[in-house]
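Reader: Hello! I would enjoy a close look at the aromatic side chains in this model. Could you take me through them?

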Amino acid sequence: MSTNEMITEAEQHLLHTYNRYPVVFDRAEGVRLYDADGKEYLDAFSGIGVMAFGYGHPKYTAALKDQVDRLTHISNYYYHTQLAETARKFTEASGMDRVFFTNSGGEAVEGALKTARKYAWLKDGRTDHEIIAMEHSFHGRTFGALSVTGKKAYRDPFEPLLAPVHFAEFNDIDSVRSYVNEKTCAIILEPVQGEGGVYPAKPEFLQELRALCDERDILLIFDEVQCGMGRTGYMFAWQGYGVKPDVLTSAKALGCGVPVGAFAMTQKVADASLAAGDHGSTLGGNPLVCAAMNAVFDIFEEDKILENVREMTPYMERKLDELKAKHACITDRRGRGFFQALECSGPVAEVIDRAREAGVILINAGANVLRIIPPLIFTKAEIDEMCAVLDRALEG
Ligand SMILES: *Cc1c(COP(=O)(O)O)cnc(C)c1O
């Protein structure tokens with residue numbers, strides 16, 4: 001089948017919820033993607049922040065192949081030989097004490113919200129608890145996650161959603177305070193907002209949220225589905241800020257290509273929230289995905305992934321700042337680590353198209369924002385290559 005035939009056939013059968021780019025990918029290696037016609041691309045978006053160490057890492061593929069032959073699934077009614085290691089590695093990396101494995105980021109958020117509701121309910125028995133989320137946040141497409149997502153257009157067709165949810169201004173503690181009352185059970189936010197346009201939290205905002213939550217015994221939930229797993233140069237973004245949440249969510253790069261997620265919490269929250277029978281998942285944390293997660297954590301350490309992000313970030317920021325200085329259409333450069341953005345005065349769709357035609361895959365974060373989220377193994381040469389193509393794509 002030709003590329004056009006594959007696209008036409010896919011569109012005949014798929015539910016049309018995505019406007020896909022007209023490329024059919026076939027294989028990948030390292031930071032290079034290849035389409036069905038054999039054209040090579042540099043990956044500067046990591047499959048939306050998933051492929052932290054690129055494609056085809058020998059240790060990762062070997063771990064998956066081995067586990068496929070051994071045992072792929074057993075259910076959460078039993079332990080399996082990968083499980084203890086994954087749970088330990090996740091809790092050690094995240095600084096949390098207890099973890100639950102899900103199949104996606106959205107599901108991880110669902111679990112975090114259920115944790116907050118149960119924690120508050122055990123405390124005061126109320127059934128009218130409120131949640132505070134942020135404007136421009138993104139937490140996923142399932143009903144609970146959608147309810148705390150700060151984009152009204154995503155929510156409106158599906159009302160009534162989980163309620164009451166208040167949307168505060170990100171980085172504005174007074175806005176958050178104005179919604180706090182005796183019914184507030186949780187404040188949920190991304191330490192670096194992703195889909196909403198790549199907005200890092202101000203350190204003092206997170207510190208003030210922490211103090212507010214401590215004072216009122218409100219659970220502070222950090223959604224680290226996108227900003228976690230090394231993206232900011234720390235295993236989890238909270239570690240770079242020094243502000244620890246009560247509940248944390250993870251997904252995307254946690255599996256580096258297999259469908260996984262997790263929500264985790266401190267012992268204090270675990271002791272007074274979800275108990276046996278309160279939550280479950282058929283596939284969550286099965287042997288196959290745990291083998292993948294175990295390999296992911298090993299590779300982060302052995303390949304010094306965080307070190308590379310920290311070492312390369314100043315260089316990437318400088319190169320992006322040079323682009324900003326050169327192109328009047330770029331109005332802002334912001335981000336943390338390998339979670340960067342160039343904001344433009346107009347839509348970036350055509351820039352992304354031109355970059356793709358020139359062999360670099362990029363992604364946006366809202367209409368006017370180029371999101372720069374390459375694999376965490378990018379070298380100076382690859383940053384140069386990405387920026388050179390971006391430079392030409394911005395020319396028009
Ligand atoms: C991608 C994302 C989600 C949703 O994850 P899925 O795996 O697509 O359900 C949730 N929160 C944040 C911050 C995300 O970036």
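To begin with, which residue has its charged end over the ring of tyrosine 234?

Author: Happy to help! Please keep in mind that this is a predicted model. The residue you ask about is arginine 310, whose charged end sits 4.4 Å from the centre of the tyrosine 234 ring. Tyrosine 241 has a charge over its ring too: the charged end of arginine 336 lies 3.8 Å from the ring centre.

Now to the pairs of rings. A pair of aromatic rings is described by the distance of the centres and the angle of the planes. Across the whole structure, a search finds eight aromatic pairs. One of them joins phenylalanine 90 and phenylalanine 236: the centres are 5.8 Å apart and the planes stand at 65°, so this pair is edge-to-face. Phenylalanine 90 belongs to helix α4 (residues 83-94), while phenylalanine 236 is in the loop between β10 (219-223) and α10 (237-241), so the pair ties together parts 146 residues apart in sequence. Both phenylalanine 90 and phenylalanine 236 are buried.

Another edge-to-face pair is formed by phenylalanine 170 and phenylalanine 205, with 5.8 Å from centre to centre and 70° between the planes. This pair also links distant parts of the chain, 35 residues apart: phenylalanine 170 is in the loop between β6 (165-168) and α8 (173-177), and phenylalanine 205 is in helix α9 (residues 203-216). Phenylalanine 170 has a relative accessible area of 12%, which is under 20%, so this residue counts as buried. Phenylalanine 205 is buried as well, with a relative accessible area of 2%.

Finally, ring pairs join Phe90, Phe101, Phe236 and Phe297 into a cluster.

Note on methods
Residues numbered from 1 in each chain as written. Predicted model: local features only at pLDDT ≥ 70, side-chain atom pairs only at ≥ 80, totals over all residues. Heavy atoms only, no water. Phe/Tyr/Trp six-rings, centres within 6.5 Å; stacked < 30°, edge-to-face > 60°. Helix = DSSP H or I, 4+ residues; strand = E, 2+ residues; numbered from the N terminus. Buried < 20%, exposed > 50% of the residue type's maximum accessible area, 1.4 Å probe, protein only. Lys NZ or Arg CZ within 6 Å of the ring centre and 35° of its normal.
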